[in-house]
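Student: Before we discuss any labels, can I have the model on screen? I would like each term set against its cut-off.

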Amino acid sequence: MDAQEIIARRVARELKPGNLVNLGIGIPTLVANYVSPDLKVFFQSENGLIGTGPIPEQGLEHPLLTDAGGRPISALPGASTFDSAMSFGLIRGGHVDVTVLGGLQVDARGHLANWMIPGKMVPGMGGAMDLVSGAKRVIVAMQHAAKGKSKIVKQCNLPLTSDRPVSLVVTDLAVIGFPDGRATLIETAPGVSVGEVMAVTDAELLIGDHVLEMKI
Amino acid sequence: MKAVSVEEAVAMIPTGASIMVGGFMGVGTPERLLDEVVRQRKQNLTIISNDAATPGKGVGKLFDATLVSRLTATHIGLNPKAQQQMLTNQVAVDLIPQGTFAERIRAGGCGLGGVLTPTGVGTLVAEGKRQIEVDGKPYLLETALRAQFALVHAFLADYLGNLSYALTSRNFNPVMAMAADTVIVTAEHIVPVGVIAPDHVMTPAPLVDYLITNQNG
């Protein structure tokens, strides 16, 4: 199983029946592949849709039915559409139960940076800042390290997405929570030891009372 | 509401105008109006649009033709030309959070001076803005946004100017239709008055100034 699949499968287990969920681009998008339809989770696309379904078969795309990246998408029976003010009212207003977002850095207090690398990547924040400010739970789905550098850092040196801490970070090596506002190791991936996670984590990690093996 | 040709409608837009353009990654964007803006070479435009779409699509066409001098948007990462024009200072870009973008326009159309939002507190977005506490929680004061023109794309329009939108092409169109001095609309289908049921009208006719009737789609 590759790193992305481990992350997506573990995040999928966080979703509860009937949740309204917004998935960001990248690894978060993969989460939908591991959520059983029986769970009746509603997926929101912030361009104005609740009830997003799979990518349509070739030839069945509709030009006016797309995801937030402008790619064709489908709508499940029971879907609803709305304008952008409503869409972000849902997000900021705490009506979205869970958002899953990619990350560039998360720091020891749970602050996320995921929208800008000054001088290199300045695409704009899109909906990320509203999602982190307003969703009931914010889950970051990202690789533990990039190019050998830990993405769980003491303090973000990239611009923050919000001053509100995230709820949970799921990586290919570990699940990290922030009880009492400090990064705490909750689970390790199968075959990965606590020591191995600590060795590749830049931030100081508290060790939970019972570090479990990640169920995927 | 007045029915006009796309050529007449765009002729009303002066060089240097401020224009809101509906759409999200080019979906729900009035493409024919933008094609005509390019053909008539309206330059030095201030564009207010969620994103810069992609080259050749939606607002992207205005960057292809280098007609934009200012852009207020939430995300331009999928248009390398717009990024390039930002990095070389050909275009002054103001990037703002998408929910804030929607609410500033909504405020502009609804007679509000602005809105208080928690989004952006403690980030770069807060720089230079007033922070106001309400019940112990910090918010940013984000001011209303309006434009001289709104270019809106509907799915259905009737000959009075009532509009309804389809699927994800609604996005910013309804809020923009309230936040500009002059509202110009294209529609996929123009239908007789009464075909859009009152409950299904999303933008009421009095908000629409001009409807393009010489070309559908």
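Tutor: This is a predicted model. Start with the largest nonpolar core, which has 120 residues; Ala141(A), Met20(B), Ala150(B), Met176(B) and Val185(B) touch the most other members. Strand β9 of chain B, residues 147-158, gives the most to this core, with seven residues.

Student: What makes this set a nonpolar core?

Tutor: Its members are buried residues of nonpolar types, joined through C-beta atoms within 7 Å. In soluble globular proteins, nonpolar side chains tend to be buried together.

Student: Which residues does Met20(B) touch?

Tutor: Leaving out residues up to four places away in sequence, Met20(B) touches Ile48(B), Ile105(B), Ala147(B), Ala150(B), Met176(B), Ala179(B) and Ala180(B). Of these, Ile105(B) is one of the buried residues of α5(B).

Student: Why is α5(B) called largely enclosed?

Tutor: A residue is buried if 20 or more other C-beta atoms lie within 10 Å of its own. In α5(B), 12 of the 13 residues are buried, so the helix is largely enclosed by the rest of the structure. Among the buried ones are Phe101(B), Glu103(B), Arg104(B) and Arg106(B).

Student: What covers the buried residues of α5(B)?

Tutor: The cover includes α3 (84-92) and α4 (128-134) of chain A, and from chain B β2 (18-21), β6 (114-117), β8 (137-143) and α6.

Student: How do you know that the span of α5(B) agrees with its 13 residues?

Tutor: The expected span is 1.5 Å times one less than the number of residues. For the 13 residues of α5(B) that should be 18 Å, and the end C-alpha atoms are 18 Å apart, which agrees. Gly111(B) follows the helix, with a positive phi near 75°.

Student: How many residues does each chain bring to the contact?

Tutor: Chain B brings 34 residues and chain A 32 residues. On the side of chain B that touches chain A, α5(B) gives the most, with five residues. By class, that side has 17 nonpolar, 14 polar and three charged residues.

Student: Why is chain B called as compact as a globular protein of that length?

Tutor: Chain B has six helices and 12 strands. Its radius of gyration is 17 Å, close to the 17 Å that the globule rule gives for 217 residues, so chain B is as compact as a globular protein of that length. Of those 217 residues, 53% count as buried. Among contacts in chain B between residues at least 6 apart in sequence, 71% join residues at least 24 apart.

Note on methods:
Residues numbered from 1 in each chain as written. Chains lettered and ligands numbered in written order. Predicted model: local features only at pLDDT ≥ 70, side-chain atom pairs only at ≥ 80, totals over all residues. Contact = placed C-beta atoms within 7 Å. Helix = DSSP H or I, 4+ residues; strand = E, 2+ residues; numbered from the N terminus. Nonpolar A, V, L, I, M, F, W, Y, C, P; charged D, E, K, R; others polar. Rg over C-alpha atoms; globule rule 2.2 N^0.38 Å.
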